[in-house]
Amino acid sequence: MPKIIEANLLAEGKKFGLVVSRFNDFITEKLFKGALDGLLRSGARDEDIEVVKVPGAFEIPLMAKKMAATDRYHAIICLGAVIRGATPHFDYVSAEVSKGIAVVSLEPQIPSNRP
């Protein structure tokens with residue numbers, strides 16, 4: 001059997017920031033409810049969760065960066081939905097948002113192992 005390294009899903013005593021896109025909210029609201037349920041089931045408290053809603057997916061990285069700069073969160077969760085259509089819009093937006101979130105996560109190293 002291979003060695004499996006897996007983190008414990010313990011949110012107790014941790015602070016979380018959620019960035020949720022309002023565009024395509026018929027999807028993002030369900031993502032938000034699922035994330036909230038997962039956090040609460042893992043021991044997070046309502047008062048340890050802050051939610052910021054942004055207009056669309058493109059604004060997610062900037063808000064995540066601003067939230068990370070406060071150093072108030074152990075983890076920042078980004079939720080958005082970009083739907084593929086007949087134009088290349090999906091490719092541009094999803095690629096830039098993904099890159100932006102990746103850059104933000106590398107700078108302050110959130111999530112981190114800090115107490």
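Asn24 sits in the loop between E1 and H1. In this predicted model, its phi is near 60°, a positive value in a residue that is not glycine. Most residues other than glycine have a negative phi. Asn24 is also buried, because its relative accessible area is 14%, and the cut-off for buried is under 20%. A second case turns up in the loop between H2 and E3, where Asp71 is found. Phi of Asp71 is likewise near 60°, again positive in a residue other than glycine, and Asp71 comes just after H2. Just after H1 there is a positive phi too, of about 105°, but here the residue is a glycine, Gly43.

As for the overall layout, the chain holds three helices and three strands. Read from the N terminus, they follow the order β-α-β-α-β-α. Laid along the principal axes, the C-alpha atoms fill a box of roughly 45 × 40 × 30 Å. The chain has 115 residues, and 32% of them count as buried. Its accessible surface comes to about 7900 Å², with 59% of that belonging to carbon and sulfur atoms. Take the contacts between residues at least 6 apart in sequence: 77% of them join residues at least 24 apart. On the charge side, there are 15 positive and 14 negative charges, and their mean positions lie 1 Å apart.

Helix H1 covers residues 25–41. With 17 residues at 1.5 Å each, H1 should span 24 Å, and its end C-alpha atoms are 23 Å apart, so expectation and model agree. The buried residues of H1 are Thr28, Phe32, Ala35 and Leu39. Seen down the helix axis, these buried residues fall within an arc of 70°, so they line one face of H1. The spacing fits a simple rule: an α-helix has 3.6 residues a turn, so residues three or four places apart point the same way. As for partners, the buried residues of H1 pack against strand E1 (16–21), strand E2 (49–54) and strand E3 (75–79). The other side of H1 carries exposed residues, namely Phe26, Lys30, Lys33 and Arg41. Arg41, which lies in H1, has a relative accessible area of 68% and is therefore exposed, given that the cut-off is over 50%. Its C-alpha atom is separated by 8.9 Å from that of Leu10, although the two residues are 31 apart along the chain.

Helix H2 takes in residues 60–69, and its buried residues are Ile60, Pro61, Ala64, Met67 and Ala68. They cover an arc of only 125° around the axis, which means they sit on the same side of H2. The cover over the buried residues of H2 includes E1, E2, E3 and helix H3 (89–106). Leu62, Lys66 and Ala69, on the other side of H2, are exposed.

That leaves H3. Its 18 residues should span 26 Å at 1.5 Å a residue, and the end C-alpha atoms are indeed 26 Å apart, so the two values agree. Buried in H3 are Phe90, Val93, Ser94, Val97, Gly100 and Val104. Looking down the axis, the buried residues of H3 fall within an arc of 135°, so they too line one face of the helix. What covers them includes H2, and H3 in turn is listed among the elements covering the buried residues of H2. Turned away from the buried side, the opposite face of H3 carries the exposed residues Tyr92 and Leu106.

Phe90 deserves a word of its own. Placed in H3, Phe90 has a relative accessibility of 18% and so counts as buried, the cut-off being under 20%. Setting aside neighbours within four places in sequence, Phe90 is in contact with Val82, Ile83, Arg84 and Ala95. Ala75 is another matter: Phe90 and Ala75 are 15 residues apart in sequence, and their C-alpha atoms are 27 Å apart in space.

Conventions
Residues are numbered from 1 along each chain as its sequence is written. This is a predicted model: local features need pLDDT of at least 70, side-chain atom pairs count only at pLDDT 80 or more; totals for chains, interfaces and linings use all residues. Side-chain values use heavy atoms; hydrogens and water are left out. Helices (H or I, at least four residues) and strands (E, at least two) are DSSP runs, numbered from the N terminus. Buried means under 20% relative accessible area, exposed over 50%, partly exposed in between (1.4 Å probe, protein chains only). Contact means heavy atoms within 4.5 Å. Accessible areas come from the Shrake-Rupley method with a 1.4 Å probe; for residues, only the protein chains shown count as cover. Lys and Arg count as positive and Asp and Glu as negative; His and the chain ends are not counted. The place of a charge is taken as NZ of Lys, CZ of Arg, CG of Asp or CD of Glu. The expected span of a helix is 1.5 Å times one less than its number of residues. The arc is that of the directions from the helix axis to the C-beta atoms.
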